[in-house]
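Student: Hi! Could you walk me through this structure? I'd like to start with one of the helices.
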Amino acid sequence: MLSNSDKKTLKGIANTLDVKYQLGKSGITDTAVDMFDKALTAHELIKIDVMKSVTTEVMELALDISSRTKAEVVTVIGRTIVLYRKNPKNPKIKF
């Protein structure tokens, strides 16, 4: 569980990240979950842009993705989801 200060730090780091991942009209597929899982292992912190063609509520998508990837939702701003999962073998982000 992330503390408020940890979330604040991660939001600052996420602010400098470009959105690299998109969730399209097909929604949360196994392929998308696998891609997000690999990205979290490699980068620990990722931003996902939810396309306008997706009709599901963005927070609902964020919670679903986070539960399936065992990540934590840092924030949801508009149609952008920020997720964090610490890499147990090689942590990159220090608090």
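Student: Which residues are buried in α3?
Tutor: Happy to help, and keep in mind that this is a predicted model. In α3, the buried residues are V58, L61, A62, I65, S66 and T69.

Student: Why are they on the same side of α3?
Tutor: Around the axis they cover an arc of only 130 degrees, so they end up on the same side of the helix.

Student: And what covers the buried residues?
Tutor: The cover includes β1, α2, β2, β3 (72-77) and β4.

Student: Which exposed residues does the face turned away from the buried side carry?
Tutor: That face of α3 carries E60 and S67, both exposed.

Student: How many residues does α3 have, and what comes after it?
Tutor: α3 has 12 residues and reaches 16 Å from first to last C-alpha, close to the 16 Å expected at 1.5 Å a residue. K70 follows α3, and its phi is positive, near 60 degrees.

Student: Switching topic: which residues touch the most other members in the largest nonpolar core?
Tutor: That core has 20 residues, and L23, F36, I46, I48, I65, I81 and L83 touch the most other members. The elements giving two or more residues to this core are β1 (21-23), α2 (30-43), β2 (45-50), α3 (58-69) and β4 (80-84). The largest share, 5 residues, comes from α2.

Student: What does I46 touch, leaving out residues up to four places away in sequence?
Tutor: I46 touches Y21, F36, A39, L40, I81, V82 and L83. Apart from the largest core there is another core, of 8 residues, including L10, A14, V74 and V82.

Definitions and conventions: Residues are numbered from 1 along each chain as its sequence is written. This is a predicted model: local features need pLDDT of at least 70, side-chain atom pairs count only at pLDDT 80 or more; totals for chains, interfaces and linings use all residues. Side-chain values use heavy atoms; hydrogens and water are left out. A nonpolar core is a set of buried Ala, Val, Leu, Ile, Met, Phe, Trp, Tyr and Cys residues joined through side-chain atoms within 4.5 Å. Buried means under 20% relative accessible area, exposed over 50%, partly exposed in between (1.4 Å probe, protein chains only). Helices (H or I, at least four residues) and strands (E, at least two) are DSSP runs, numbered from the N terminus. Contact means heavy atoms within 4.5 Å. The expected span of a helix is 1.5 Å times one less than its number of residues. The arc is that of the directions from the helix axis to the C-beta atoms.
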